[in-house]
Amino acid sequence: SGVYGVFCFAGHGFEIAGENYLVPVDAPSNVRIVHCIKAQYVLHRMQFRETKLNLLLLDMCREFNNVGGIPGDIQPVKSRGNTAIGYACGPGSRAYGSENDKNGIYVKYLKDHVTRNITVTNLLDCVNKAIGENEPTGYQRPHYQSSIVKNISLNDPIDTTNHTAEFHHRSILWSMANTVDKKEKSTDCDSALIPLL
C-alpha cells in the first residue's frame, strides 16, 4: 500500500477497439488473443495493491491486428487516480526500433530522462518532445494519458519504515540492475519542468 507501481513493456503488441494487448515472447507465431495479456489486466492488478502511483510504459505497436476474433469484454484502460500510461505511439500506429540501439525508439529516449528528478508527467512530456524533435517526421508519435494530481517523481525518497527483508533484498537487486551514468542531460524541455521540492 502506498508504493509506486511501474510496469514497462517493450515488445510486440496491438490494439483492438481501444484495448491494448501485449504479446509475450513465448507466444506462438500464429498468435491469438488468448495468448496475449491485456494492459487493462496489468493496471487492474497494480490498482488492487492500492499503489500511490501506477505507471504503465508501453513500447509496442497499437495497430489493429485480426488475431482470431474480437473479445466481448472490451474495456478501455481506466484508472482510479494517480495513474499515467505512456504509449510509444498513437492508436492504430506502429512503434519502431532504432537502427543504432538495441531498444525501441521510445525506450531509447525514456532512458535519457527516467533518472531525472522531475515529475512523471514531465518525464513523459520530455520523452515525447525528444522523439518529436529527433526522429524522422511521421515515424511515431508517442502520447500519454494521466490522472496524476500530485507532483510524483520516480526519484522520490523511499520510505522503508515497517518494510520487510524481502523489500530490502529487492531494493538491492533493483539498484544493482539500474546503475546508470549520473551525468544529467540538459534538454530544451528543462525550462518547462515543474521543480520537485
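## Briefing: a 197-residue predicted model

The side chain of Asn54 makes a polar contact with the side chain of Thr83, at 3.4 Å. That is one detail of a predicted model, and the rest of this briefing works outward from it. The protein chain has 4 helices and 7 strands, and 38% of its 197 residues count as buried.

**Overall layout**

- Going along the sequence, you'll read the pattern β-β-β-β-α-β-β-α-α-β-α.
- Take the contacts between residues at least 6 apart in sequence: 72% of them join residues at least 24 apart.

**Around Asn54**

- Asn54 belongs to strand 5, which covers residues 53-59.
- Is Asn54 buried or exposed? With a relative accessibility of 3%, under the 20% limit, Asn54 counts as buried.
- Setting aside neighbours within four places in sequence, Asn54 is in contact with Gly5, Leu43, Met46, Gln47, Gly81, Asn82, Thr83 and Ala84.
- Thr83 thus turns up twice, as a contact of Asn54 and as its side-chain polar partner.

**The nonpolar cores**

- As a rule of thumb, nonpolar side chains in soluble globular proteins tend to be buried together.
- Here the largest nonpolar core has 21 residues, and those with the most contacts inside it are Leu55, Tyr106, Val120, Leu124 and Val127.
- Strand 5, helix 2 (105-113) and helix 3 (120-134) are the elements that give two or more residues to this core.
- Which element gives the largest share of this core? Helix 3 does, with 7 residues.
- A second, separate core has 11 residues, and Phe9, Val42, Met60 and Tyr87 are among them.
- Back in the largest core, Tyr106 is one of the residues with the most contacts inside it. Leaving out residues up to four places away in sequence, Tyr106 touches Leu57, Asp59, Gly86, Tyr87, Ala88, Leu124, Val127, Asn128, Ile131, Gln140 and Pro142.
- Tyr87 is worth a second look, being part of the second core and also touched by Tyr106.
- Over the ring of Tyr87 sits the charged end of Arg62, 3.8 Å from the ring centre.

**The sheet of strands 2, 3 and 4**

- These three strands make an open sheet in the order 2-3-4, with antiparallel pairing.
- Strand 2 and strand 4 (37-38) are the edge strands, so described because each pairs on one side only.
- Strand 2 (residues 13-16) is covered on both faces: Gly13 and Glu15 on one side, and Phe14 and Ile16 on the other, are all buried.
- Strand 2 and strand 3 (residues 19-22) run antiparallel and are joined by 4 bridges.
- Strand 3 and strand 4 also pair in the antiparallel sense, over 2 bridges.
- Tyr21 has a partner in each neighbouring strand: Phe14 stands opposite it in strand 2, and Lys38 is its bridge partner in strand 4.

**The aromatic pair**

- To describe a pair of aromatic rings, you give the distance of the centres and the angle of the planes.
- The count for this model comes to 1 aromatic pair. It is formed by Phe14 and Tyr21, with 5.2 Å centre to centre and 15° between the planes.
- Why is the pair of Phe14 and Tyr21 called stacked? Because 15° is under the 30 degrees that counts as stacked.
- Phe14 and Tyr21 are both buried.

**The turn at Ala17**

- Ala17 lies in the loop between strand 2 and strand 3.
- The hairpin of these two strands has 2 residues between them, and here Ala17 takes a positive phi near 50°.
- That phi is positive although Ala17 is not a glycine.
- Ala17 has a relative accessible area of 58%, so it is exposed.

**Ala10 and Ser153**

- Ala10 is found in strand 1 (residues 4-10), and at 54% relative accessibility it counts as exposed.
- How many residues apart in sequence are Ala10 and Leu57? They are 47 residues apart in sequence, yet 8.2 Å apart in space, C-alpha to C-alpha.
- Beyond its neighbours within four places in sequence, Ala10 is in contact with Asp59 and Val107.
- Ser153 sits in the loop between strand 7 (143-146) and helix 4 (165-177).
- Although in a loop, Ser153 is buried, with a relative accessible area of 0%.
- The side chain of Ser153 reaches the backbone nitrogen of Asn155 at 3.0 Å.

How values were computed. Residues numbered from 1 in each chain as written. Predicted model: local features only at pLDDT ≥ 70, side-chain atom pairs only at ≥ 80, totals over all residues. Heavy atoms only, no water. Phe/Tyr/Trp six-rings, centres within 6.5 Å; stacked < 30°, edge-to-face > 60°. Buried < 20%, exposed > 50% of the residue type's maximum accessible area, 1.4 Å probe, protein only. Lys NZ or Arg CZ within 6 Å of the ring centre and 35° of its normal. Polar contact = N/O pair within 3.5 Å; in protein donor to acceptor, adjacent residues only side chain to side chain. Contact = heavy atoms within 4.5 Å. Core = buried A, V, L, I, M, F, W, Y, C linked by side-chain atoms within 4.5 Å.
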